[in-house]
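The following exercises concern secondary structure, aromatic pairs and helix packing. Each task is followed by a solution in steps.

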Amino acid sequence: MASTTPGALKPQPTTMEKRDETAESLSGSQDIEYRYLELETPLPTPCITLPPGPAQSPPPEAPSLEKYASPFLWPQWRKSMMTYIACGVTALAGYAAGEVSPASEELMKLWGISNVVYNLSITLFCCGFALAPMVLAPFSEINGRRPIFIASGILFVASLIGCGGTQSFAGLLVARFFQGVGGSTFSTMVGGVISDIYHAEDRNTPMALFSGSALFGTGLAPLISGAIITRTTWRWVFYSHAIVSAVFVIMIYFFFKETRGSVLLSRKAAKLNKYYEQLEEAGHHGTCSSPNQ
């Protein structure tokens, strides 16, 4: 019977021990370099052995980083499209402020309320419009503009449908408050979107369009709402607005890309970290060339 000498069998190294050994082996041949990552930072080329060696696995596929490009480098057609969509929803938000005014006489008689009480529908809209950005704006700085625009658009459309379908003045007030919450994004964050995609010297025209669209929508509301009320019921003031707003929400979903640079950078870093970890797990370590070479 074969016998074994005590201590002849050695335990298999753990994953952490393997990483420590790999780091020690690399430290003698290649220094670890820490670089500050920006959207335009050139990336080093990882060392990949093809075909893989005995202790290696096939390398993972390199991730596509095109969607994490700096918004400043976007083509002009994309910047213009983003600007037009943003200014369009800004006009719709401004339109919402005064669209209830032409229906005042009809609704005051319907619900038996005074003109002062009826004006609460404008007051609560403005309250939602003023309070929401204190929460939504910081959230967009951390999590991105696009999810805020989509969520606000859905809330805005739902509130418009609620305004048109309500059977009571209390219901109108609640819907108007949330309409202001949803519409606030389209006036308070569009300036941030423009600053995300245009350098300071190129922002004159986009900012002029943004300011003009807000005033245009506010002034257009009484005219169009008055025309609607003279030809049909007051409910279609809100329903027609909801239809147009829903079209813009669909456009935002399909064509509105993330513009916040820090958010894109975080997503790019997470993608690269995952790729480099997979390379190390497959046994491919280090870089073959520095981005400065």
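**Exercise 1. Describe the secondary structure and the overall burial of the chain.**

Solution. The model is predicted. Its protein chain contains twelve helices and two strands. Along the sequence, these elements follow the order α-β-α-α-α-α-α-α-α-α-α-α-α-β. Of the 293 residues, 37% count as buried. The chain exposes about 16700 Å², of which carbon and sulfur atoms supply 63%. Among contacts with a separation of 6 or more, 85% are between residues 24 or more positions apart.

**Exercise 2. Classify the geometry of the pair Phe177 and Phe178, then that of Trp234 and Phe238, and state how far each residue is buried or exposed.**

Solution. A pair of aromatic rings is described by the distance of the centres and the angle of the planes.

Step 1. The structure holds twelve aromatic pairs. In one of them, the ring centres of Phe177 and Phe178 are 5.4 Å apart and the planes stand at 85 degrees. Planes over 60 degrees apart count as edge-to-face, so the pair of Phe177 and Phe178 is edge-to-face.

Step 2. Phe177 has a relative accessible area of 27% and is therefore partly exposed. Phe178, at 38%, is likewise partly exposed.

Step 3. Trp234 and Phe238 also form an edge-to-face pair, with 6.3 Å from centre to centre and 85 degrees between the planes.

Step 4. Buried means under 20% relative accessible area. Trp234 has 3% and is therefore buried; Phe238, with 2%, is buried as well.

Step 5. Trp234 and Phe238 belong to one aromatic cluster, which also includes Trp111, Tyr118 and Phe169.

**Exercise 3. Identify the aromatic rings over which Arg78 and Arg146 lie.**

Solution. Step 1. The charged end of Arg78 sits over the ring of Trp74, 5.4 Å from the ring centre.

Step 2. Arg146 lies over the face of Tyr253, at 5.4 Å from the centre of that ring.

**Exercise 4. Describe the packing of helices α5 and α6 and the character of their contact.**

Solution. Two packed helices are described by the angle between their axes and the distance between the axes.

Step 1. Helix α5 spans residues 120-131 and helix α6 spans residues 133-143. The two pack at an angle of about 30 degrees, with axes 5 Å apart.

Step 2. Helix α5 contributes Gly128, Phe129, Ala130 and Leu131 to the contact, while α6 contributes Pro133, Met134 and Val135.

Step 3. The residues of this contact divide into six nonpolar, one polar and no charged. Gly counts as polar, and Gly128 is among the residues that α5 contributes.

Note on methods:
Residues are numbered from 1 along each chain as its sequence is written. This is a predicted model: local features need pLDDT of at least 70, side-chain atom pairs count only at pLDDT 80 or more; totals for chains, interfaces and linings use all residues. Side-chain values use heavy atoms; hydrogens and water are left out. Rings of Phe, Tyr and Trp (its six-membered ring) pair if their centres lie within 6.5 Å; planes under 30 degrees apart count as stacked, over 60 as edge-to-face and the rest as tilted. Buried means under 20% relative accessible area, exposed over 50%, partly exposed in between (1.4 Å probe, protein chains only). A charge sits over a ring if NZ of Lys or CZ of Arg is within 6 Å of the ring centre and within 35 degrees of the ring normal. Axes are lines fitted to C-alpha atoms, for helices over the stretch in contact, and angles run from 0 to 180 degrees between N-to-C directions. Helices (H or I, at least four residues) and strands (E, at least two) are DSSP runs, numbered from the N terminus. Contact means heavy atoms within 4.5 Å. Accessible areas come from the Shrake-Rupley method with a 1.4 Å probe; for residues, only the protein chains shown count as cover.
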